[in-house]
Amino acid sequence: MSDQQSVESPTQPNLARRFQECQRWLGSRILGQQALVDRLLMALVTGGHLLVEGPPGLAKTRAIKELASIVHGDFHRIQFTPDLLPSDVTGTEIYRPQDGSFVFQQGPIFNNVLLADEVNRAPAKVQSALLEAMAEGQVSVGRTTYPLPELFMVMATQNPIEQEGTYPLPEAQLDRFLMHVEVNYPDSDAEAGILALVRAEQGSTEMAEPPVQLSQQDVFDARQAALAVYMADSVERYLIALVQATRAADGPVARYVDFGASPRATIALDQCARAGAWLAGRDHATPADVQAAAHDVLRHRVLLTFEADAQGITSNQVIDELLNEVPVP
Ligand SMILES: Nc1ncnc2c1ncn2[C@@H]1O[C@H](COP(=O)(O)OP(=O)(O)O)[C@@H](O)[C@H]1O
Ligand SMILES: [Mg+2]
């Protein structure tokens, strides 16, 4: 059936299939965390960044490293700590006594794939340095701007917010993340699989080789192909209605939402729905693609009211309610 055909990249047939192979491979390396794997690929295909929240030891670091091992480029991890400075992330100007000039020494943000580990352990200035560079694709020092690499993807991790001694990310800047992904403990089957996998790894000296490698051009081609995924007007209206319902004063969740989602959410939902369709090998996005992305796209973009907090209503429940109330085309 022709409408089941994937949108081929004009230069690369079967590109979607290669991405699917990567997805399967990652799923065999990071067990029982399908959502995290899917979101990593979606971020790659949309050019977005992820905020991943969950307790330690759930393969967050492992997941981004495995992804980086598939994509041609540099990987770097920055551990955020209370004494980190903005320049430890972005870079510093260094004085050269021989000619009295300053040269910019790039910070670790100048890498293709970046793990910003435990972002909420560093103060707001450092977080802002990261988030601004993410949003602008460049670092400004004095009057000079230094562009970040064209392939630039951040996965930031965050401890669950109840933790002591942490600095919550500023609400207004959370918007810069394409998606906010929650990771939870694996079930017992997955946990048995993890044991077997880690035992096998410890018994072997060789790194498992990914079956496919993606060049940076592959990633850029995938972005073009995902942009070409067709979205019917009715699906687009649905997507807009979902985001608008987070803001409507008489909407289904008005009591629970202080500030609704911005147009950045609309854009992100559109990108994620298309990327999801493309990764699934389809040439058109459906309402189900929108729904599948809705929680992770909207979760960090709706600011709950005191009433919601008092009643123990979570943003997940608010988004469930939206999906129940907004008519599906
Ligand atoms: N779902 C999983 N699949 C494969 N390995 C896992 C999984 N969960 C945990 N592990 C193993 O547990 C250890 C902790 O993973 P790590 O990526 O360091 O966690 P985090 O960064 O979330 O704290 C690693 O050795 C990893 O191999
Ligand atoms: Mg880690």
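These are my notebook entries on the domains, two helix pairs and a ligand shell in a predicted model.

**Entry 1: the domains**

I looked up the domain assignment first. It gives domain 1 as residues 17-209 and domain 2 as residues 229-329. I noted that the C-alpha centres of the two domains lie 25 Å apart. To their contact, domain 1 gives 18 residues and domain 2 gives 16 residues.

I then asked which elements supply at least two residues each to the side of domain 1 that touches domain 2. They are helix H1 (15-29), H2, helix H6 (171-174) and strand E9 (179-182). H2 gives the largest share of this side, with five residues. I recorded the classes of the side of domain 1 that touches domain 2 as ten nonpolar, five polar and three charged residues.

**Entry 2: helices H2 and H8**

I turned next to H2 and its contact with H8. In general, a pair of packed helices is described by the distance between the axes and the angle between them. I therefore looked up both values for helix H2 (residues 34-46) and helix H8 (residues 216-227): the axes come within 7 Å and cross at roughly 85 degrees. An angle of 65 to 115 degrees counts as roughly perpendicular, and H2 and H8 are therefore roughly perpendicular to each other.

I also listed the residues that meet. H2 brings Leu-44, Val-45 and Thr-46, while H8 brings Val-219, Ala-222, Arg-223 and Ala-226. By class, I entered five nonpolar residues, one polar and one charged for the contact of H2 with H8.

**Entry 3: helices H11 and H13**

I recorded a second pair, helix H11 (residues 287-298) and helix H13 (residues 315-325). Their axes come within 10 Å and cross at roughly 145 degrees. The crossing in which H11 passes H13 is right-handed.

Which residues of H11 meet H13? I found Gln-291, Ala-294, His-295 and Leu-298 in H11, and they meet Asn-316, Ile-319 and Leu-323 in H13. The contact of H11 with H13 has four nonpolar and three polar residues, and no charged residues.

**Entry 4: the shell around ligand 1**

My last search concerned ligand 1. I noted 15 residues around ligand 1, of which Pro-56, Ala-59, Lys-60, Thr-61 and Arg-62 come nearest. Helix H3 (60-70) and helix H7 (188-202) are the elements that give two or more residues to this shell. By class, I entered nine nonpolar, four polar and two charged residues for the shell around ligand 1.

Terms used. Residues are numbered from 1 along each chain as its sequence is written. Chains are lettered from A and ligands numbered from 1 in the order in which they are written. This is a predicted model: local features need pLDDT of at least 70, side-chain atom pairs count only at pLDDT 80 or more; totals for chains, interfaces and linings use all residues. Axes are lines fitted to C-alpha atoms, for helices over the stretch in contact, and angles run from 0 to 180 degrees between N-to-C directions. Helices (H or I, at least four residues) and strands (E, at least two) are DSSP runs, numbered from the N terminus. Angles under 35 degrees count as roughly parallel, over 145 as roughly antiparallel, 65 to 115 as roughly perpendicular and the rest as oblique. Two residues are in contact if their C-beta atoms, placed from the backbone, lie within 7 Å. Ala, Val, Leu, Ile, Met, Phe, Trp, Tyr, Cys and Pro count as nonpolar, Asp, Glu, Lys and Arg as charged, and the others, Gly among them, as polar. A residue is near a molecule or strand if its C-beta atom, placed from the backbone, lies within 6 Å of it. Domain bounds come from an automatic or database domain assignment. A crossing is left-handed if the near helix is turned anticlockwise from the far one by less than a right angle, and right-handed if clockwise.
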